[in-house]
Amino acid sequence: MRLSQFPLITSKEIPADAEIPSHQLMLRSGMIRRVAAGIYTWSPLGLRVLQKVAGIVREEMNRAGALEVSMPSVQPAELWQESGRWEQMGPEMLRMQDRHGRDFCYGPTHEEVVTHFMRSELKSYRQLPLNLYQIQTKFRDETRPRFGVMRAREFLMKDAYSFDADAQSLAQSYAQMRAAYQAIFARIGVDYRIVAADSGNIGGSASEEFHVLADTGEDLLAISEGGDFAANVEAAPCTGPLPQRPAPTQQREEVATPGVVSIAQVCERLGCAPEQTLKTMVLEVHGGQGEDADAAASRRLVAVALRGDHTLNLIKASRMLGGDVALAEAETVHAATGAWPGAVGPVGLEIPLWVDRDASVLADFVCGANREDAHLRGVNWGRDVAEPQVADLRDIGAGEPAPDGGRVQLKRGIEVGHIFQLGQKYSAALQLGVPDDSGQTLTPHMGCYGIGVSRIVGAVIEQCHDADGILWPESIAPFALIIVALNPKNDPEVGAAIEALYTELREAGIEVLLDDRDLRPGHRFADADLIGVPHRIVAGARGHGSGTLEYKRRGEAEARDIAWSADAVRECLAG
RNA sequence: CGGGGUGUAGCGCAGCCUGGUAGCGCAACUGCUUUGGGAGCAGUGGGUCGGCGGUUCGAAUCCGUCCACCCCGACCA
């Protein structure tokens with residue numbers, strides 16, 4: 001490719017609305033252009049990288065025995081009503097109507113469609129196991145798209161769905177996909193971790209996430225130092241040993257605390273440590289465990305209590321309470337407890353209360369009094385309040401013991417892959433059945449496996465960049481090599497030699513970009529660094545005289561001279 | 001959805017408070033010079049000042065309203 005015929009529009013200036021390095025560099029290098037919030041056009045340069053990533057994903061999926069299909073991005077409401085998710089999904093799903101007024105959505109995921117497809121394709125248990133995948137544009141109407149392609153509304157995703165005869169076979173399919181994902185991320189060449197995850201509203205049991213480690217990641221990961229345990233903080237259980245609860249030593253006492261609503265204020269006013277306080281929060285729970293509409297539509301209030309210095313984990317709470325959980329509005333809290341948020345406490349509370357493990361071993365603690373402007377101190381479980389129902393409700397913290405005995409380290413990650421064992425949730429809801437070896441109907445066990453292809457592009461840049469621009473791993477670089485041709489027009493002989501070199505390398509199958517633009521060298525070096533081509537050759541009259549080219553690896557400080565020949569260049573590329 | 005902020009040339013911004021000919025830098029285009037780390041000089045083109053409405057002799061500027069985008073939070077593959 002000749003740069004004089006390739007639209008490379010780069011910018012020195014950092015776009016005002018880009019916050020993180022990958023977003024800034026993708027805009028500065030012209031890989032993407034914003035069309036609307038969370039919606040982007042990929043330029044020829046950007047698309048080359050995106051397709052490199054997609055190509056690696058496709059090869060490894062094929063190698064793992066999955067079969068590529070293409071399903072529609074526009075999907076009819078009926079399928080989503082069958083699975084119950086038409087109502088469940090909420091505004092994240094982009095809905096529309098056709099000219100007849102029929103409901104459709106732009107597919108955020110494809111469990112329903114693939115199951116529909118299998119209803120007509122699966123005739124016998126002998127076809128199992130089967131794994132189908134596609135690489136396709138998804139749309140999820142995120143509340144807050146940000147960071148360019150990292151959290152876009154429209155994005156490219158590889159989604160795969162496996163079908164097995166039983167749970168044991170599903171576990172094997174899952175393990176195969178897990179291995180394929182490891183191969184994919186190893187080939188791309190990023191530093192990643194596999195962590196235990198919550199399965200969210202997709203449903204199902206076992207689920208793990210693949211995270212690219214980066215400080216700008218939106219997820220917090222709990223990784224055991226020197227151990228095997230790794231989990232998204234959302235799903236990391238607190239299992240550390242609890243101390244014996246001390247015996248009460250104080251009398252219960254009410255203290256006036258006008259205007260005090262936060263733990264910090266309580267501590268300041270009463271001169272106590274946050275570890276000695278109990279914070280009580282009221283949650284509104286929507287939906288229930290049951291399948292019936294009444295349970296799904298129900299709302300109930302539940303209180304949870306944590307030690308003052310701990311953070312509530314809404315995922316844990318919602319898993320334990322069986323429904324969608326959110327902090328209740330202030331008015332709701334007041335109506336239910338007689339206190340505004342900040343003064344709620346367990347004593348005399350009339351709604352069900354769950355207490356975090358660590359809060360359950362407190363003694364002589366400080367808590368809200370369920371009255372305005374008042375707190376209690378010297379409160380004790382068993383004496384002033386009933387013995388608590390205990391649960392694990394908080395985020396794990398750095399330095400705490402991990403379940404495997406190691407010490408928890410917190411790291412930030414970008415979720416680029418998620419694999420689930422779904423079980424029979426969708427196959428049962430959408431009535432997918434095949435005859436088994438005795439002629440009975442078998443409901444297949446499903447797994448689903450997603451990779452955020454476009455997100456990987458951003459995530460790799462987060463890990464691979466310097467002050468001058470991107471440092472692509474060779475696996476997904478838009479070009480392997482850039483030749484900066486200096487002054488080819490001044491000396492026809494040099495110009496011809498550069499042309500010959502370019503042609504020979506190109507015909508050898510190397511993705512080479514010839515910078516033949518009539519710009520000053522500095523400008524072109526800066527562009528080469530910005531777009532991150534891994535190998536750079538400078539060819540000009542100076543070296544041509546002595547039969548040398550200048551070679552430089554992106555990211556290395558020093559350039560070196562090599563012989564003016566395609567073979568010498570190929571040697572540099574090889575290692 | 002709550003809070004904050006911003007909309008002026010392709011990009012980055014000034015002008016607005018105190019109403020009166022729409023500016024600067026970069027980019028683009030033309031010419032000449034220049035050619036090893038984002039060149040110099042000269043010239044050219046490009047604007048519904050986010051939209052609509054109001055006040056006024058006159059609105060980028062004041063008022064109202066709507067929209068878009070960004071940040072923080074809540075929420076979420």
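**A buried histidine, two helices and an RNA-facing surface**

His375 has its place in strand E19, which covers residues 374-379. The model described here is a predicted one. Within it, His375 is buried, and its relative accessible area is 3%; the value falls under the 20% limit, so the residue counts as buried. A polar atom of the His375 side chain lies 3.2 Å from the backbone oxygen of Gly342. When neighbours within four places in sequence are left aside, the residues in contact with His375 include Glu253, Glu254, Val255, Thr257, Val260 and Val266. Gly342 and Ala343 are also among these contacts, as are Cys367, Gly368 and Ala369.

The setting for this residue is chain A, with 16 helices and 31 strands. Of its 575 residues, 52% count as buried. The C-alpha trace spans about 95 × 70 × 50 Å along its principal axes. Among contacts in chain A with a separation of 6 or more, 70% are made by residues 24 or more positions apart.

Helix H9 offers a good view of how a helix can sit against strands. In this helix, which runs over residues 314-321, Lys316, Ala317 and Leu321 are buried. Seen down the axis of H9, these buried residues fall within an arc of 120 degrees, so they line one face of the helix. The buried residues of H9 pack against four strands, namely E14 (278-286), E15 (299-307), E16 (324-327) and E17 (353-356). Both ends of H9 have a feature to look at. At the N-terminal end, Asn313 acts as a cap, with a side-chain oxygen 3.0 Å from the backbone nitrogen of Ile315. Just after the helix, Gly322 takes a positive phi of about 70 degrees.

Helix H14 spans residues 521-531, and its buried residues are Arg524, Asp527, Ala528, Asp529, Leu530 and Ile531. The packing partners of these buried residues comprise two helices, H1 (21-28) and H2 (44-63), together with strands E26 (469-470), E27 (481-485), E28 (512-515) and E29 (535-539). Just after H14, Gly532 has a positive phi of about 80 degrees. One of the buried residues of H14, Arg524, meets the side chain of Asp515 in a salt bridge, with an N to O distance of 3.9 Å. Asp515 and Arg524 are both buried.

That pair belongs to a wider set of charged pairings, for the count of salt bridges comes to 34. In one of them, Glu68 is joined to Arg58, and the closest N and O atoms are 2.9 Å apart. This salt bridge links distant parts of the chain, since Glu68 is in strand E3 (residues 67-68) and Arg58 is in helix H2, 10 residues apart. Glu68 is partly exposed at 39% relative accessibility, and Arg58 is likewise partly exposed, with a relative accessible area of 31%.

Another salt bridge brings together the side chains of Arg394 and Asp358, at 2.9 Å from N to O. Arg394 lies in the loop between strand E20 (389-391) and strand E21 (407-423), while Asp358 lies in the loop between E17 and strand E18 (365-368), so the pair ties together parts that are 36 residues apart in sequence. Arg394 and Asp358 are both buried. Elsewhere, Glu59, Glu60, Arg63 and Arg187 are joined into one network by salt bridges that share partners.

The model also holds RNA strand B, and 41 residues are found around this strand. Of these, Arg140, Leu314, Glu415, His523 and Glu550 come nearest. By residue class, the surface near RNA strand B divides into 21 charged, 11 nonpolar and 9 polar residues. On the RNA side, 44% of the strand B atoms within 4 Å of the protein belong to sugar or phosphate, and the rest belong to bases.

Several side chains make polar contacts with RNA strand B. An N or O atom in the side chain of Lys12 is 2.8 Å from a sugar or linking oxygen. For Arg151, an N or O atom in the side chain is 3.0 Å from a base oxygen. Asp527 places a polar side-chain atom 2.9 Å from a base nitrogen of the strand. The elements that give two or more residues to the surface near RNA strand B are E21, H14 and E29. H14 supplies the largest share of this surface, with 8 residues. Asp527, which is among the buried residues of H14, thus comes back into view at the RNA through its contact with a base nitrogen.

Note on methods. Residues numbered from 1 in each chain as written. Chains lettered and ligands numbered in written order. Heavy atoms only, no water. Buried < 20%, exposed > 50% of the residue type's maximum accessible area, 1.4 Å probe, protein only. Contact = heavy atoms within 4.5 Å. Arc of directions from axis to C-beta. Polar contact = N/O pair within 3.5 Å; in protein donor to acceptor, adjacent residues only side chain to side chain. Salt bridge = Lys/Arg side-chain N within 4 Å of Asp/Glu carboxyl O. Near = heavy atom within 4 Å. Nonpolar A, V, L, I, M, F, W, Y, C, P; charged D, E, K, R; others polar.
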